[in-house]
Amino acid sequence: MAFFNFHKNTFKHGIHPPESKDETNGLPIKQFPFPPVIILPMAQHIGAPSQIIVREGQEVHRGQLLAKAGGYVSVPIHAPVSGTIRKIANVPTILGKMSTGIFLEAFPFSTQEVLEGNPINPDTSTPEEILQGIQDAGIVGLGGAAFPTHVKLKVPEGKKCETLIINGIECEPYLTTDHRVMLEQENDIFTGIKYLLKATGTQRVIIGIEANKRDAANHLKKHIPKDLPVSVRVLPVKYPQGAEKMLVTAILGKEIPSGKLPIEVGVVVVNVATTAEIGRLLPHGQGIQERVITIAGPGVKKKGNYTIPIGTPLRFVLEQVGVDEEISEVYMGGPMMGVAVSNLDISIVKGTSGILVFTKKDVSRTPKTYPCIKCGACVDACPILLNPSKLGILAKFEAYNEMASDFNLMDCFECGSCTYVCPSHIPLVQYFRLAKRIVRKREAEKKEKVDA
Amino acid sequence: MLKKTLDISSSPHIVKGRSTEDIMKNVVWALLPVVFFSIYSFGLNALFVIFTATFTSVLTEHFLCNLSKKETTVNDYSAVITGLLLGLSLPPSFPLWMAFVGGIIGIALGKYIFGGLGYNVFNPALVARAVLQAAFPVAITTWHPAFLANRFSTISGSIYTWPFMEPQYDAVSGATPLSAFKFDGITTSTAELAFGQISGSTGETCAIIIALGGIYLIARNMMSWRIPVAVLLSAFLLSGVLYLFNSELYPSPVFMLLSGGLMLGAVYMATDMVSSPITPLGLWIYGGIIGILTIVIRIWGGLSEGVMYSILLANAISPHIDSVIKNRVYGTKRKVKAV
């Protein structure tokens, strides 16, 4: 309630969209079948694309390295399945750009055992060895951002990480992967935390979970190993609590300064599924081959949480689960921040947390927009406390520089709360996304001129 | 085989579903009890005045949309609200042709020349009323008594006045509580004010029904609670201080809140979203300005009522409030930026 908001255990503003999690949060994670052909784009994380080290026609084993990291902010890619490299060619990615990709044809009768690598022991390894191990395992943020985890965990010189926050918020409607991972993979999570503590040199861990996943919170609480300094914090349900900034504020009451990372206030935030993946892979020195994905939405027949090999074509996934004839929109990720894909020939990547299928009649968005009536609903929703109404008006006048310099445009992280509440149905986030790109481009051009 | 092409859109892919039209519609619903009470207490006169103002407003909006070859915007209900509010702020025996002129002015000058819904600087209904007040100062301050026995059978002669003719008033009387106090020093009891046993503009007489409509809209989250609270609180405080200072000279704060158009203005006119600020602090300042100005005009001004001019003045400053008062953005220290 707006009247009594004491900001305790939460952040300011935010919204309460329907959670829509009931259909899948009770369904245990199931293994998905291997597709006949796996398509692996090399640009599936933030940073430099991976560099292919295999050739066409080569036979590879599941877990074998296919591409090495393209730099420090990059990760390698491993074979999700044993098979033959059929082709190396351009493939479409989620955002519409083309990327170099590998077409890997699975052996139909292989046992699909995973290749073992160099195990890393959390007790005897140095932080550097662990970070290297995390990079070698090809791990990126599985919450959706797909930012290389080893970069995030690297505490810069002069900074100290006091608190490690494990993000089990999963505030996006429909998605239940983190929920299921917390219920089913507690051992992997705690092993992963051991690696993370060593890598960041932290003494304290808080697992943040929203109140709609109390069963997961209780389950984790029950299984906390005696030797780990872990506590579980249950937070009131509110979107976008899963955003790093909001989560740090909700748990610690601190604000991360504009344009800075959580380490500025002594915090590192890691997604819970990423933590579980670290705990599962590093003891065996393996690379990531699959991930848990929620398949849901009104247009899906067999909804659920599935472990799906990375590189599985979207078309194959949807054929397996069965979709409504009238399928009109497919989102990769949640409905608030996910991307609507334009075709089914793209494949699952490391950052895919959900696949949502909507039919025409389920899409609540209407094309009719009204002028901004300055009702202030967006101002009351924006978790960064921006004025989306004013920004939207400026965007219409293409006053992009003013948006950035006077109205903190660049602090917007596109959570979509303003567009969600807008009674005039103004596509504010779309304006801001465009404006941010243009501002960044102009800044880059300016820099180029100065350098030249 | 799955269909190959899909629709794409920018996130978020779900929306709350409440539209601007829904908000406007609810304001109309909340105004209807006020309209009904108005007709109940002033009879056919009020019905005719309110109907004329509303009908003209909607017609003007439709006509102007046609003229500029745009799709008509009458179905967003904002013109209905403007018309209703104008009708409710006019005296019951107001000549209809003047109400007709007011309806046209409200939409055309108050709203349309600024660019239509969302762009108006002032509350359109008040722009119309201000013009009418300037053009017809006598007609707009000639009040009509409430609860006349024949109010459902006869219509005042002044209503039918031909354009540009002197209106003939048959039932002369009915000073409003404010003018009675200001010019004759007569006070009205609180109960009479609260339950609308008084004369005044068609819609301003029953404070309780107006307040209930406001509570409905606030409960449905379709109106900022800060504006009416700020307006009423500041008016109450200032008149309260004056009353404590000299209770002979100044009326009681309760009388100030319930009399005249303060309640109607605070709940339905000051809360026009388009012409009010957007940040919480801005809303408090805006409401405070209206409340204080109203009391200042009522007590020291030449007019007995000051709500209309206070709101119009506050509307004019509202964009400036917004450019000075901004929320402190997350992770920054800056609170106020110089204009």
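**Close-up views of a predicted two-chain model**

**View 1. Where helices H4 and H7 of chain A meet.** On the H4(A) side, A:Asp188, A:Ile189, A:Phe190, A:Thr191, A:Gly192, A:Ile193, A:Tyr195 and A:Leu196 meet A:Val272, A:Thr275, A:Ala276, A:Ile278, A:Gly279 and A:Arg280 of H7(A); contact means C-beta atoms, placed from the backbone, within 7 Å. These residues divide into eight nonpolar, four polar and two charged (Ala, Val, Leu, Ile, Met, Phe, Trp, Tyr, Cys and Pro are nonpolar, Asp, Glu, Lys and Arg charged, the others, Gly among them, polar). The helix axes come within 7 Å and cross at roughly 85°, so H4(A) and H7(A) are roughly perpendicular (65 to 115 degrees). Helices are DSSP runs of H or I with at least four residues, strands E runs of at least two, numbered from the N terminus.

This is a predicted model, with local features needing pLDDT of at least 70 and side-chain atom pairs 80 or more, while totals for chains, interfaces and linings use all residues. Residues are numbered from 1 along each chain, with chains lettered from A and ligands numbered from 1 as written.

**View 2. The surroundings of B:Thr176.** UniProt, in an unreviewed entry, lists B:Thr176 for "modified residue: FMN phosphoryl threonine"; such annotations may be inferred rather than shown by experiment. B:Thr176 lies in the loop between helix H5 (124-135) and helix H6 (177-184) of chain B. B:Thr176 is buried because 23 other C-beta atoms lie within 10 Å (20 or more count as buried). Beyond neighbours within four places in sequence, its contacts include B:Trp143, B:Ile198 and B:Ser304.

Methods:
A residue is buried if 20 or more other C-beta atoms lie within 10 Å of its own, exposed if 12 or fewer, and partly exposed in between; C-beta atoms are placed from the backbone. Two residues are in contact if their C-beta atoms, placed from the backbone, lie within 7 Å. Axes are lines fitted to C-alpha atoms, for helices over the stretch in contact, and angles run from 0 to 180 degrees between N-to-C directions. Angles under 35 degrees count as roughly parallel, over 145 as roughly antiparallel, 65 to 115 as roughly perpendicular and the rest as oblique.
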